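Dear colleague,

Please find below the structure that I am passing on to you. A summary of what was found in it follows, arranged by topic.

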Amino acid sequence: MDTLKDKKTKLRITDLSKNYDGKCALEHVSFDVFQGEFLSILGPSGCGKTTLLRILIGLLEASSGTVALNGKDITNAPPAERSMGIVFQNYALFENMTVLGNVEYALKIRKETRATARQKAKEMLALLGMSEYENKKPGDLSGGQQQRVAIARTLVLHPEIILFDEPMSALDVDTRITLRREIKSLQAQFDTTMIYITHDQEEAFAMADRIMIMNNAHLVQIDTPDAIVEHPADDYVRRFVLENLQAKADSIRRFVRG
Amino acid sequence: MRKNKQAAPAAFKLILLCVFAALVLLPLLRMLLHISPESLKSVFSSAGIGGILAQSLIVTLTATVITVLIAYVLAYCLERTGIRGKELFRLILILPMLIPSISHGMGLIILLGNNGILTRMFHLQTSIYGFWGIVIGSVMYAFPVAFLMLADVMHYEDCSPYEAAKVLNIPRWRQMTSITMPFLRKPLISVIFAVFTMIITDYGVPLMVGGKIKTISVVMYQEVIGQLNFDTGSVYGAILLLPAVVAFLVDLSNRDKGSSAFVIKAFPLNKNRGTLAFSYIYCIVVSLLTVLPIISFMVLGFTAKYPNDMRFSFYNVQRVFDLDGGQYLLNSVLIAVLVALVGSLLGFMTAYMTARMKSGLSRLLHLIAMTAMAIPGIVLGLSYVLVYKGSPVYGTIIILVMANLVHFIASPYLMMYNSLGKINENIEAVGQTLRIGRLRLIKDVFLPQSMSTLREMFAYFFVNSMMTISAVSFLATTDTKPISLMITQFEAQMQLENAAIVSLLILLVNLLLKGTIALLRRRKLRKLGASAVLDH
Ligand SMILES: Nc1ncnc2c1ncn2[C@@H]1O[C@H](COP(=O)(O)OP(=O)(O)OP(=O)(O)O)[C@@H](O)[C@H]1O
Ligand SMILES: [Mg+2]
């Protein structure tokens with residue numbers, strides 16, 4: 001994604017604020033998300049990342065501000081009418097259904113015939129390498145496998161945007177690295193726009209086209225990883241991002257040298 | 001548009017609130033308002049009142065301490081040691097929970113009364129009537145409940161602090177004071193209060209074996225049932241409400257909020273030979289003591305004329321059914337089924353509203369549903385008489401169903417509340433984004449995941465409705481009488497052999513129900529097992 005400037009604006013967030021009973025969780029946040037882009041959101045705990053995501057998908061009402069999808073105001077649209085999907089850290093699968101059942105459930109409700117629903121679900125699971133687990137219950141799967149099911153469940157509806165709220169925080173390092181690659185390849189394949197909250201700076205820098213850094217209910221900087229490294233917006237970003245990366249780089253260097 | 005979506009659940013919560021208010025709060029308030037200065041005066045100036053209060057307290061405290069001690073050791077044996085046959089022991093130990101409290105008193109009389117089986121066998125001279133009679137009967141009645149609660153506590157205790165302590169070489173007694181005590185304090189207080197309330201509000205045992213000792217609950221029962229004296233009855237009711245309210249408040253402030261989320265490490269089973277031997281002996285002795293009364297019912301019920309003619313006979317069974325026992329049994333089953341159906345439904349709906357749609361209204365609803373726990377059955381019975389006398393439901397089976405519903409709803413409601421609360425918090429959010437409506441989620445996700453809890457709820461309502469004698473004794477007519485009340489009737493006429501048969505009938509029906517539910521569960525497990533095998 002070398003020419004972001006040419007990209008079509010997918011999502012436009014304008015002056016978004018959120019108060020929880022007087023407590024401010026989001027203050028005057030504005031930014032654009034481009035078609036097909038992978039945007040990572042970074043920020044310390046409690047800075048408002050989840051709040052922002054829930055407002056984008058319509059699970060939470062903003063106190064003020066607007067959200068527009070493809071130029072159309074969706075600030076008050078119900079979640080299902082926004083063509084967005086969401087993936088949570090704790091998977092939120094339907095424990096009583098099989099893997100296949102989880103993925104085909106929403107399709108069945110949308111009046112697809114049983115056969116096409118099943119077929120689409122199976123194809124999606126195959127794409128995520130989950131075919132052999134179709135008849136298992138989520139409880140019998142590893143965390144990484146469960147997260148794949150959750151992604152398949154969302155992706156099978158072909159949403160224009162998928163939101164991730166720390167999807168890998170509960171997974172081990174190896175699984176994270178494989179799943180990273182899988183998510184990126186799915187994104188390319190379906191040309192889905194992705195907004196991805198993470199606590200892991202390295203993950204953000206490895207996956208994202210652009211990174212958005214939040215602090216204390218504010219948007220501090222949104223730019224490409226390179227630009228952020230070269231021109232951190234303020235001291236906070238410098239400390240928050242660069243020092244962490246520096247430490248990691250040092251440890252890798254030490255590891256490589258032995 | 002969104003605003004309307006919020007309005008429907010709120011309206012539904014309001015309806016549920018009204019239902020609970022009508023069933024729980026209104027009767028209670030009515031009874032408390034019924035208390036007049038005159039009746040207060042007449043109760044508190046009566047000669048024996050000080051003695052009655054003191055005796056009730058002492059007898060209940062004694063029985064509570066013994067109950068909790070016995071139950072604690074029992075829970076340890078079955079949760080922490082490596083003995084075999086735990087399932088069987090558990091089954092036997094739960095049996096007392098399937099018969100009315102009054103039957104426990106009766107069992108004592110049949111075994112140890114003047115003409116009792118053991119009295120004759122061993123030529124005993126002591127009398128069972130009085131203080132120790134009430135204590136022993138109450139322990140028999142309450143220990144399974146205490147055992148279940150404590151076993152649950154031990155089951156969910158985390159072993160890792162002890163392992164850490166071992167590594168750090170912290171001495172045994174320090175572990176006791178710094179790990180065990182702080183962990184046990186809250187649940188133990190809950191258990192103690194629950195047992196205390198259960199015993200002090202029960203009139204079945206003291207009515208049977210109290211002899212000269214009268215407890216508050218017996219006095220209240222006699223005032224209301226015997227002399228139709230609602231005025232003083234209300235005063236005694238208010239007194240009985242006190243410990244229950246205290247227990248309720250303590251329990252409420254005590255309850256941990258959803259602490260079951262983190263992973264716990266199970267304790268290794270104690271396989272020390274001495275401990276195992278002790279555990280076997282202990283469990284066998286307690287089990288024997290548990291089945292002894294039931295055996296005594298059989299001996300007494302199925303002999304021609306105890307103690308003179310010991311031949312096997314169906315005469316007593318015949319007599320129960322000649323006296324309309326069949327009709328009363330049908331009444332009981334009908335009531336129990338209705339209470340179980342309506343109660344499970346109401347419990348599920350309420351729990352869904354409070355566990356999955358949190359709001360101020362939800363908290364209020366939760367509180368009222370839990371308040372039902374604090375009302376002793378006999379207080380509930382009297383309250384219902386005061387409120388619903390003259391209404392169309394009075395004298396019908398409906399009022400019995402209502403009273404039982406309220407009497408037993410708190411525990412099953414709480415089971416469902418906990419079970420629904422454990423389901424992933426984001427399910428509704430996922431549903432909204434996938435365009436799966438709330439009702440559909442309930443049908444396809446929440447109900448299927450709550451089936452085992454629902455079965456437990458159903459069984460709880462059914463079993464307790466079958467055996468209760470407290471609230472219903474104030475509300476039943478000759479047409480609507482449940483069979484459990486035949487025990488009080490036979491007891492009054494000193495026809496224990498017939499009362500024994502009735503107890504056995506109730507036990508049988510409850511066992512059948514429990515067995516059916518266990519079968520359902522096993523079939524479900526087998527199905528799950530089969531599908532797991534198919535996957536490979
Ligand atoms: N329902 C709520 N009611 C009141 N305050 C809330 C609520 N949800 C979140 N908050 C507060 O709003 C702020 C932002 O919360 P949010 O969950 O968006 O943070 P976050 O950046 O996602 O944090 P984390 O990295 O820990 O997930 C926090 O201070 C939080 O305590
Ligand atoms: Mg968050």
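What percentage of the 536 residues in chain B do buried residues make up? The share is 52%. Please keep in mind while reading that this is a predicted model.

Overall form of chain B

Chain B contains 25 helices and two strands. Its radius of gyration is 24 Å, close to the 24 Å that the globule rule gives for 536 residues, so chain B is as compact as a globular protein of that length. Along the principal axes, the C-alpha atoms of chain B fill a box of roughly 75 × 65 × 50 Å.

The surroundings of ligand 1

Ligand 1 is surrounded by residues of chain A, among them Tyr20(A), Lys23(A), Cys47(A), Gly48(A), Thr51(A), Glu166(A) and His199(A). By type, the residues of this shell divide into three nonpolar, six polar and three charged.

Several polar atoms of the protein can be located beside the ligand. Thr51(A) has a polar side-chain atom 2.5 Å from an oxygen atom of ligand 1. A polar backbone atom of Gly48(A) is 3.0 Å from an oxygen atom of the ligand. In the case of Tyr20(A), an N or O atom of the side chain is 3.3 Å from a nitrogen atom of ligand 1. On its own, ligand 1 has 630 Å² of accessible area, and the protein covers 61% of that area.

Which elements give two or more residues to the shell around ligand 1? They are β2 (23-34) and α1 (49-57) of chain A. Of the elements, α1(A) gives the most, with three residues.

Cysteines

In general, a disulfide is a covalent bond between the sulfur atoms of two cysteines. The structure holds zero disulfides over all chains. Why is Cys47(A) not bonded to Cys24(A)? Cys24(A) holds the cysteine sulfur closest to that of Cys47(A), but the distance is 12 Å, which is too far for a bond. Cys47(A), which also belongs to the residues around ligand 1, counts as buried at 1% relative accessibility.

In chain B, Cys283(B) is likewise in no disulfide. The nearest cysteine sulfur, in Cys77(B), is 4.4 Å away, whereas a disulfide requires the two sulfur atoms to be within 2.5 Å. Cys283(B) is buried, with a relative accessible area of 0%.

Points in the backbone to inspect

Three places in the loops may be looked up in the viewer. Tyr306(B) and Pro307(B) are joined by a cis peptide bond, with omega at about -5 degrees. Pro307(B) is placed in the loop between β1 (303-305) and β2 (309-312) of chain B.

Asn70(A) is not a glycine, although its phi is positive, at about 50 degrees. This residue is found in chain A, in the loop between β4 (64-69) and β5 (72-73). Is Asn70(A) buried, partly exposed or exposed? Its relative accessibility is 37%, so Asn70(A) counts as partly exposed.

His123(B), a residue other than glycine, has a positive phi near 50 degrees. The loop that holds His123(B) runs between α6 (117-122) and α7 (131-155) of chain B. With a relative accessible area of 62%, His123(B) is exposed.

With kind regards

Note on methods
Residues are numbered from 1 along each chain as its sequence is written. Chains are lettered from A and ligands numbered from 1 in the order in which they are written. This is a predicted model: local features need pLDDT of at least 70, side-chain atom pairs count only at pLDDT 80 or more; totals for chains, interfaces and linings use all residues. Side-chain values use heavy atoms; hydrogens and water are left out. A residue is near a molecule or strand if one of its heavy atoms lies within 4 Å of it. A polar contact is a pair of N or O atoms within 3.5 Å; within protein, one must be able to donate a hydrogen and the other to accept it, and residues adjacent in sequence count only if both atoms are side-chain atoms. Accessible areas come from the Shrake-Rupley method with a 1.4 Å probe; for residues, only the protein chains shown count as cover. Helices (H or I, at least four residues) and strands (E, at least two) are DSSP runs, numbered from the N terminus. Ala, Val, Leu, Ile, Met, Phe, Trp, Tyr, Cys and Pro count as nonpolar, Asp, Glu, Lys and Arg as charged, and the others, Gly among them, as polar. Buried means under 20% relative accessible area, exposed over 50%, partly exposed in between (1.4 Å probe, protein chains only). The radius of gyration is taken over C-alpha atoms; the globule rule is 2.2 Å times the number of residues to the power 0.38.
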